[in-house]
Amino acid sequence: MDLINPKIQEYAEQLTSPEENLLKEINNFTQSHPESQMLSGHLQGKVLEMLSCMIQPKRILEIGTFTGYSALCLAKGLANDGLLHTIEIRDADADVAQSYFNRSPYAQKIILHRGSALDIIPALDEIWDIVFIDADKAGYIDYFNLVFPKLRKNGFIFADNIFFHGQALEDEPKNKSAKGIKAFNEFIRQRKDIDKTVLTLRDGLLLIRKS
């Protein structure tokens, strides 16, 4: 399903501040990755950056580093004493991301963890201002349940890919990831202890505020 009109996407990117050089390098590098569609990309990356700059978080958790693009976007809004923890299960992608982090102004502010987020999150003794969930889609509910108790009041969770290429709109999606996203969306819809809205950006970005 073509969720966003390509001409509108192109026009929106033209109106958006250009990528910084390092982000552009990551973007270009990732185009040759077999799962290049996982990259947040220029427009969504700038939205994440803007949101982070508005909130000025002290602690950010990212679940799913990939090649490091979104972490660098989110890191731009960190408070002076802020830190961003990011988790990647695949060593090859973690190596790439770390190489870019090392070359960025945020090398001392980004802590990269390797392994399963289900194991790593409980060991992180932090109170989160922002959590960005962009990992395996079947795990979204588990990730939410792990981080929500450690999210400060009025803190935010951003969940990516909540349309899952349009498959989450189907009554009975067959894809495992689409099923996971659809279940997560319904789980979020029914909760009364949060405020939420959807940005119809890229593959759908769900903004959740702890009330």
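Six bridges join strand S6 to strand S7, and the two strands run antiparallel. In this predicted model, the pairing of S6 and S7 places Ile194 with Lys210 of S7 as its bridge partner. The hairpin that the two strands form has five residues between them, and Arg202 takes a positive phi near 55° there. On its other pairing, S7 is joined to strand S5 (residues 151–160) in the antiparallel sense over five bridges, with Asp160 standing opposite Leu205 of S7. Strand S7 (residues 205–210) is mostly covered, since five of its six residues are buried.

These strands belong to an open sheet of seven strands with the order S3-S2-S1-S4-S5-S7-S6 and mixed pairing. Its edge strands are S3 (110–114) and S6 (194–199), each of which pairs on one side only. From one strand to the next, the twist averages 15°. The parallel sense is represented by S1 (residues 59–63) and S2 (residues 83–88), which are joined by five bridges, and in this pair Glu62 stands opposite Thr86 of S2. In general, the strands of a sheet pair through backbone hydrogen bonds, in either a parallel or an antiparallel sense.

The empty spaces in the model can be set side by side as follows.

| Space | Volume | Nonpolar lining residues | Polar lining residues | Charged lining residues |
|---|---|---|---|---|
| Largest pocket | about 660 Å³ | 12 | 13 | nine |
| Second largest pocket | about 210 Å³ | five | six | four |
| Largest cavity | about 50 Å³ | four | two | four |

The largest pocket has a volume of about 660 Å³. Of the 34 residues that line this pocket, Met38, Asp134, Ala135, Asp136 and Lys137 are the closest to its centre. The elements that give two or more residues to the lining of the largest pocket are H4, S2, helix H6 (117–120) and helix H7 (140–147).

The second largest pocket holds about 210 Å³ of space, and among its 15 lining residues the closest to the centre are Ile4, Gln9, Leu201, Arg202 and Asp203. Arg202 is thus a residue of this lining as well as the one with positive phi in the hairpin of S6 and S7. Helix H1 (6–15) and H3 each supply at least two residues of the lining of the second largest pocket, and H3 gives the most, with four residues.

The count of cavities of 30 Å³ or more comes to one. This cavity is lined by Pro18, Glu19, Glu20, Leu23, His42, Gly45, Lys46, Glu49, Tyr69 and Cys73. Helix H3 (41–55) and helix H4 (69–75) each supply at least two residues of the lining of the largest cavity, with H3 giving the most, at four residues.

Cys73, one of the residues that line the largest cavity, also bears on the question of disulfides. Why is the sulfur of Cys73 not in a bond with that of Cys53? The closest cysteine sulfur to that of Cys73 is in Cys53, 10 Å away, which is too far for a bond, because a disulfide requires the two sulfur atoms to lie within 2.5 Å. The count of disulfides accordingly comes to zero, and Cys53 is in no disulfide. The surroundings of the two residues can also be stated: Cys73 is buried, with a relative accessible area of 1%, whereas Cys53 is partly exposed, with a relative accessible area of 36%.

How values were computed. Residues numbered from 1 in each chain as written. Predicted model: local features only at pLDDT ≥ 70, side-chain atom pairs only at ≥ 80, totals over all residues. Heavy atoms only, no water. Buried < 20%, exposed > 50% of the residue type's maximum accessible area, 1.4 Å probe, protein only. 1 Å grid on protein atoms, 1.4 Å probe; cavity = no way out; pocket = protein on both sides within 12 Å on 5 of 7 lines; lining within 4 Å. Points joined across faces, edges and corners; volume = space filled by probe spheres on them. Nonpolar A, V, L, I, M, F, W, Y, C, P; charged D, E, K, R; others polar. Pairing = 2+ DSSP bridges. Axes fitted to C-alpha atoms, helices over the stretch in contact; angles between N-to-C directions.
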